[in-house]
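Here's a walk through one protein model, with an eye on charged pairs and on how two helices sit together. Keep the viewer open as you read.

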Amino acid sequence: MPPVVAAAAALAVQAAVGGLLGAALGSLVGALVSIASSFIFSGSGRRKQRSLPSFTATARDRQQTVRSSVEPRRRVVGEALVSGPLIAAFSTGSSNKYLHMVLPLNHGEVEEIDPDKVRFNDLPSTDERLTVGSTAYFRINTHLGTADQAADADLVAEVDEWTTAHRLRGVAYVYVRLEWSNSVWPTGIPNIAAVVKGVKVWDPRDTLQNPNDSSTWQWSDNPALIILDYLRLSRADGGVGAELAEIDEAAFVAAANVCDEQVAVSEGSPTEFQDRYRCNGVISLDDAPADVIEDLLASCAGDLSYTQGKYRLAVGAYREPLAQTLTESMLRAPVKVQPRIGVADAFNRVRGTFVNRDLNWQPDDFPPVENATYVAQDGGEEITTDFELAFEIDPIRAQRLAKIHLERSRQGISVIFPGDFSVMPVAVLDNVKLTLPHLGWTDKVFTVRGWALVEEGGIDLLLREEASTVYDWAAGEATIIDPAPDTNLPSAFDVDQPVIASMQSGTDQLIQAGDGTIISRIRVAWPQVANAFVVEGGFVEIGYRPLAGSPDAEYQVVRVGGAATETWLSPVFDATVYEIRARAINSIGVPSAWTTPETHSVIGKTESPSAPSSLSAAQNGALATFQWPAISDLDRAGYELRYAPAGTTITRANSTLITNETKGTLITNSALPPGDWVVGIWAIDTSGNYSITPASALIIMANPNDIVATQAGHPRWPGTLQGLVRHDVSGRLVPQSNTLASAMTDAQLWDRMAYNPVATAQYTTAAMDLQFDADGTRVWASISAELGPGETGTVSPDLQIRWRDDAAAWLDWAQWTVGNVDGRHIQGRVDLDTASGVISLTGLTLVADVEDRTEKGQNVAVTAGGTPITFVRRFHLTPLITVTAKAGAGSPPAARYGGWDDETAEGFVAHVFDGAGNSVDGTINWSATGP
């Protein structure tokens, strides 16, 4: 007998009295255990009575990183979240900056370890909190446990103790390098676990798969295939070690097909379906094979028999009975009947646990399954049993399995059928029809649960009542929320959505970075979520993304504490529409659904800044002083001052620039020429946006200087025209058109001041002659212009001047408002940019003026007949002259009188006269004052 058969036979007595039979059959099983020709394991029979904390602790322990040299090997089947023992740890880098860890996850090769599904504590590796800027504070390398896998190249390169010989062949593992960061790893070294798609298994339905060549196998979470794999796994590797000849392939193929059948789990259209049975979990290879098989069978309501030298599997679905009917004629002795299960084994309600994939793969209770009819049969007493599903990850499938467990337990009739050798073809797990008229049974269906060859000759069959309704499942039958909760606290699985109340992104929401950059933000606010599990220990997440672009674009997510009622989304782009949604996550990680996305257009830095509340203006000699209160806006780049003729409602379109460079609130400026003006001030933000309504002030700029020269631009505009035509009736200069009048329509010719105007028009004045090479002459211009009829834009004639000494070349043109020049010849020009507004030039006068100055002479000797006096610096005009003579010699002193003649801008002739009016020698003081 093969070793596995011997081991199986040793379990026969235990199995024969196990399952749903239990103690309820009492003495009925006694006749079967003398020669056990068959035995059965059941996944929906009497479950091992683990305590709930033990099951929970076991499931959670498999997800914890442990430091141990005696951890049992693990085998992931289907898909599961699993960690492993820390078999190697190294630190490298300055101040031990890096921690290197090696964690084996599976004994043998696995299908997949997705780095994006590795978790650090409760955070997936994709969580943005594990990456700061472009720096990820972890590295994950995965190895699937192939027979030929090489050592991890990064680990070999960075850790001297790890060499190319450390290949860990046949071990699926992750190598993780953590970079130290107080903010990323605030609690120290995190627990590391990974979602693993486990081992590949042989599927006998696929002819391309070789049962003896694992390289041809494929991953599956079909329970029948996983049970088959565990049976064939060698005993050295922790399995049963069954030979291929001991497998009833046809039975396993049929079972696998049943597991793949689709079961409706929702009502309505479209109907949702799920696979009938799946198996996902972790096998600890130091567990007893009988316990492992029982847990695996529980995932498919399966029964496994060993009969006639073969393992045979049947999963939870009704099977048609054999054609042969068992009758009284096949009996060799009277039947023994147990009409119902014993009181000690009865139950009418099933509760239990499973591993909830949607709850971070944590152990969880599925909603209890009960039957009101059975409660009534049990005298109205609710009797509950626990049902553990170590390899189930779906709550609806867990309830379906619990319902089968309940319904099977209530098929209470058990029969020992002492048959002759005519029942030899009947095998364990066959469904058979039984006709016994004296018991009122005609073709009643039973399942063969035991088969024994007895000494006196014949075969005893152990039968258990079966019904097709055991496996019925109506779409929508699953209970999502316990209909009778044990507490009036909110359900941990019923998480309320946040309700977004407001989204704001204007000036008040801006923030200034440390380098002075102004950043736009969206403030999102909501009432506090009315869920204690969210407020205490939970979170609210706000997701946002630009509306334009791919509909599959990922949302950026901001997470705040569950008690919060607002957060900031930053950075965001101005004038961009964003989709914004929200969800709540409670303290155990259960999220609400995302809210329907709402849209918000970012104003941010595109919003106009506030306007200064007031402006004062005063003349200070040739200068003007302006003062205003600062605006409170954070996004403030400066201010712009402009002027227009008094009586004008000032706008940026009809005014002339004074300055737009200032960031303070007080300036003294020389750009305002003489005249009666209204001055306006606008605030400017860092994006170049202007406040809407200016503060303004009136100022009369009296000219303290003397005008020494002017150059009128009108009438007749004696200068040079470029891109301009003179309108002889009005005397204005108008931009030329690029289109000939003969090519224009009437509307184009008459409805616009200038149709299709030239881009730039220019008027250059004739040169103004100051008569000498003067220094410090103030030059400014009086310009008048206005938008043409029907035109829009800005009135912005651009003044430039140039100058030269009499014998020198012209200097370059310079932008100009008011300023001093050194030269004799001065020329101005005005550029008109038609892109900013099509205007007509109505007047231009270039003005030169100077302040009065005084030259003096003291104790100047004058001869009879007069002495010429030449000014140190020529005046522009003949100045006002005074001459005072000093008294002559003698006692009393002789009277003397001063006088002058031949005065010009360059000098005069000084005289001294005596009392008789004669020109005499003498001494004078003199002064000359003028422009």
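Which residues are linked with Asp203 in a network of salt bridges? They are Arg205, Asp221, Asp260, Asp275 and Arg278. Before going further, bear in mind that you're looking at a predicted model. If you want to find that network on screen, pick out Asp203, Arg205, Asp221, Asp260, Asp275 and Arg278 together.

The total for the model comes to 36 salt bridges. Let's look at a few individual pairs.

Start with Asp237 and Arg73, whose side chains meet in a salt bridge at 3.8 Å, N to O. Asp237 sits in the loop between H5 and helix H6 (249-260), while Arg73 is in the loop between helix H3 (52-61) and strand E2 (74-77), so this salt bridge ties together parts that are 164 residues apart in sequence. Are these two buried or exposed? Asp237 has a relative accessible area of 25%, so it counts as partly exposed. Arg73 is partly exposed as well, at 36%.

Next, go to Arg583 and Glu541, which form a salt bridge with their closest N and O atoms 2.9 Å apart. Here the partners come from strands: Arg583 belongs to strand E36 (residues 577-585) and Glu541 to strand E33 (residues 539-546), so the pair ties together parts 42 residues apart in sequence. Glu541 has a relative accessible area of 7%, which means that it is buried.

Then there's Arg642 with Glu640, another salt bridge between side chains, this one at 3.3 Å from N to O. Arg642 is buried, with 8% relative accessibility. Glu640 is buried too, and its relative accessible area is 1%.

Now for the helices. Two packed helices are described by the angle between their axes and the distance between those axes. Take helix H5 (residues 223-232) and helix H7 (residues 289-298): they pack at an angle of about 170°, and their axes are 10 Å apart. Angles over 145 degrees count as roughly antiparallel, so that is how H5 and H7 run relative to each other.

What do the two helices bring to the contact? From H5 come Ile226, Ile227, Tyr230 and Leu231, and they meet Pro289, Val292, Ile293, Leu296 and Leu297 of H7. Sort the residues of this contact by type and you get 9 nonpolar, no polar and no charged.

Key
Residues are numbered from 1 along each chain as its sequence is written. This is a predicted model: local features need pLDDT of at least 70, side-chain atom pairs count only at pLDDT 80 or more; totals for chains, interfaces and linings use all residues. Side-chain values use heavy atoms; hydrogens and water are left out. Axes are lines fitted to C-alpha atoms, for helices over the stretch in contact, and angles run from 0 to 180 degrees between N-to-C directions. Helices (H or I, at least four residues) and strands (E, at least two) are DSSP runs, numbered from the N terminus. Angles under 35 degrees count as roughly parallel, over 145 as roughly antiparallel, 65 to 115 as roughly perpendicular and the rest as oblique. Contact means heavy atoms within 4.5 Å. Ala, Val, Leu, Ile, Met, Phe, Trp, Tyr, Cys and Pro count as nonpolar, Asp, Glu, Lys and Arg as charged, and the others, Gly among them, as polar. A salt bridge is a side-chain nitrogen of Lys or Arg within 4 Å of a carboxyl oxygen of Asp or Glu. Buried means under 20% relative accessible area, exposed over 50%, partly exposed in between (1.4 Å probe, protein chains only).
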